[in-house]
Amino acid sequence: VEVIVFVIDAADPKLFAQSNKELQILLTKPSLAHVPLLVLLNKSDLPTAVEPETIVKQLDLMSIKNRDVAYKSISCKNITNIDRTLEWIIKRANANKKT
């Protein structure tokens with residue numbers, strides 16, 4: 001595994017707690033230790049989408065140590081920030097292949 005990509009529905013805040021639980025379980029897997037994590041906050045195009053900073057706080061992303069962690073607010077429907085997402089993934093995957 002070169003990169004972990006975890007997708008959140010930014011327009012459905014009632015699922016944030018469950019998403020956080022699932023993310024924490026995923027991050028405890030020994031085979032995923034130190035693997036970079038990218039959290040995608042999808043559906044940013046919807047009026048009900050929660051601000052990225054609020055989601056980051058609810059997922060407690062800033063407390064994750066010993067790995068590269070990033071988040072991107074995206075809209076798959078509108079193709080918003082998909083290019084930046086792919087750049088981030090490719091950069092991390094290529095960096096891991098060099099070591």
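**Exercise 1.** In this predicted model, the side chains of K14 and D12 meet in a salt bridge, 2.9 Å from N to O. Work out which class of accessibility K14 has, and which D12 has.

*Solution.*
- Step 1: Start with K14. Its relative accessibility is 70%, and the cut-off for exposed is over 50%, so K14 counts as exposed.
- Step 2: Now take D12. Its relative accessible area is 15%, and buried means under 20%, so D12 is buried.

**Exercise 2.** The structure holds three salt bridges. Find the partner of K43 and the partner of D68, then say where each residue sits in the chain.

*Solution.*
- Step 1: K43 pairs with D9, and their closest N and O atoms are 3.1 Å apart.
- Step 2: K43 lies in the loop between β2 and α2, while D9 belongs to strand β1, so this pair links distant parts of the chain, 34 residues apart.
- Step 3: D68 pairs with R92, with 2.6 Å between the closest N and O atoms.
- Step 4: D68 is in the loop between α2 and β3, and R92 is in helix α3 (residues 82–98), 24 residues apart.

**Exercise 3.** Which residues of helix α2 (residues 52–59) are buried, and why are they on the same side of α2?

*Solution.*
- Step 1: Pick out the buried ones: P52, I55, V56 and L59.
- Step 2: Check their directions. They cover an arc of only 100° around the axis, which puts them on the same side of α2.
- Step 3: Recall the helix rule: with 3.6 residues a turn, residues three or four places apart point the same way.
- Step 4: See what they touch. The buried residues of α2 pack against β1 (4–9), α1 (16–27), β2 (37–42) and β3 (69–73).

Note on methods
Residues numbered from 1 in each chain as written. Predicted model: local features only at pLDDT ≥ 70, side-chain atom pairs only at ≥ 80, totals over all residues. Heavy atoms only, no water. Buried < 20%, exposed > 50% of the residue type's maximum accessible area, 1.4 Å probe, protein only. Helix = DSSP H or I, 4+ residues; strand = E, 2+ residues; numbered from the N terminus. Arc of directions from axis to C-beta. Contact = heavy atoms within 4.5 Å. Salt bridge = Lys/Arg side-chain N within 4 Å of Asp/Glu carboxyl O.
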